[in-house]
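Visitor: Please take one helix and look at it closely. I would like to know what sits on the inside and what sits on the surface.

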Amino acid sequence: MNSIRYILTHAPARAIASLFLCNGFFFGSWAIRIPELKQLFELDESELGFTLLAIAIGSLCIMPLMGNLSKKYGAGKISMVLTFLFGLILPIPLSLTNYSLVLLVLFFMGICMGGMDIAMNTAAAVVEEREDVRIMSSFHGFWSTGMMLGSAIGSLTKGAGIAYTPNMLVVVSFFLLVIFLQRSVLLPIREEKGKKEEPAFALPGKNLLVLAIVILLGFLAEGAIADWSTLYMEESLHTDPSYAGWALSAFGLAMAIGRFMGDDVTKKIGPMNILVGGNLMVAISIGGLLLIANSWVAILGFGLAGIGFAAIVPVIFSEAAKTPGMSTGGNMAAIGSVGYFGFLLGPPVIGFIADYLSLPQALGILALSTFLAALLVKVAWKPPKVD
């Protein structure tokens, strides 16, 4: 918990944590309402998957540009700009009746969502390097907390009959005010000048291949759970909509708690055990909740999956930074881009598969993917030696 204490007492770290909290809250608030998008345009699973693909495409369009943008203008400034753009776009999708316009809006939402994610992680890495601290796991804990709160409040407002757009206008206004008030701290955050030039965007080299595949498989599952868990609860388990979002909330809460404890746990049991054990826990949890097919078991299962996922991503980022062959910034760009690609690809892939099979069977693939990730780490990855 020392990392949380540091973040709360250190202005730049606190400002970056607010970005992670905001991004997670925005995402959770949106994800909980995805079933409404399906109902509004009478989409089947495959069509919903295609619709969500617009977000993935938008994110992938901005990612190759983020390195240069952050270097030129500063990660803090880019984070702020994309946060405000994300907030302005977020209330729009469910207020539209034209499907083509919805796809266009989701495309730009993807640009803001993906760009903000890379920019705030870059800002976090800058502060970690500058202050010589290890707090990345706790930053991601703030994201998970935001997602949990966004999905929980979204579920309550949805159950109370409050429409998406006015709900989002209130949420966005609050968070944009919080971010704006921290502009004097966020704007100066940027990589130090004079450092060796690093590629703005890089694909993983030989030394990063295993970690890249693991983060791709893990993020694919995480993104799919975020976007499809509520729909699974409502349509497959016939859960009351007023608490169908509790599955996503449990996932986010458990992940947040695990991430806030992640740095200490990793020191005790080591990165290998985190990556293998965490992925196995996710695989078993998802497999179990699908086999038992009960609403309360599903909420518990998604919560356990959140614990399993908690430290995986921060550990991968940390271990990637130590991997020789590329600069730290190049490694971060490669791993972050591949991981986020999986996060955004997961929801549409599940939609396409669910349309041909069923949603529970499609989600079963996530158990397989995380099991394969654990197996790959065990047989093909060796942690870098630290003197």
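Guide: What follows is a look at one helix and at a surface patch to which that helix contributes. The model is a predicted one. The helix is α18, which covers residues 359–380.

Start on the inside. T370 is placed in α18. Is T370 buried or exposed? Its relative accessible area is 0%, and buried means under 20%, so T370 counts as buried. Which residues does T370 touch, leaving out those up to four places away in sequence? They are A221, N279, V282, A283 and F309. The side chain of T370 also has a polar atom 2.9 Å from the backbone oxygen of L366.

Now the surface. L280, I284, L368, F371, L372, L375 and V379 make a nonpolar surface patch of about 670 Å². Two elements, α14 (271–292) and α18, each give two or more residues to this patch. Of the contributors, α18 gives the most, with five residues.

One patch residue from the other helix can be checked in the same way. I284 lies in α14. Its relative accessibility is 63%, and exposed means over 50%, so I284 counts as exposed.

To put the two ends of the answer together: T370 in α18 is buried, while α18 also gives five residues to the nonpolar patch on the surface. I284, a member of that patch, is exposed.

How values were computed. Residues are numbered from 1 along each chain as its sequence is written. This is a predicted model: local features need pLDDT of at least 70, side-chain atom pairs count only at pLDDT 80 or more; totals for chains, interfaces and linings use all residues. Side-chain values use heavy atoms; hydrogens and water are left out. Helices (H or I, at least four residues) and strands (E, at least two) are DSSP runs, numbered from the N terminus. Buried means under 20% relative accessible area, exposed over 50%, partly exposed in between (1.4 Å probe, protein chains only). A polar contact is a pair of N or O atoms within 3.5 Å; within protein, one must be able to donate a hydrogen and the other to accept it, and residues adjacent in sequence count only if both atoms are side-chain atoms. Contact means heavy atoms within 4.5 Å. Patches are made of residues with over 30% relative accessible area and no salt bridge: like charges are joined within 9 Å, nonpolar side chains (Val, Leu, Ile, Met, Phe, Trp, Tyr) within 5 Å. Accessible areas come from the Shrake-Rupley method with a 1.4 Å probe; for residues, only the protein chains shown count as cover. A salt bridge is a side-chain nitrogen of Lys or Arg within 4 Å of a carboxyl oxygen of Asp or Glu.
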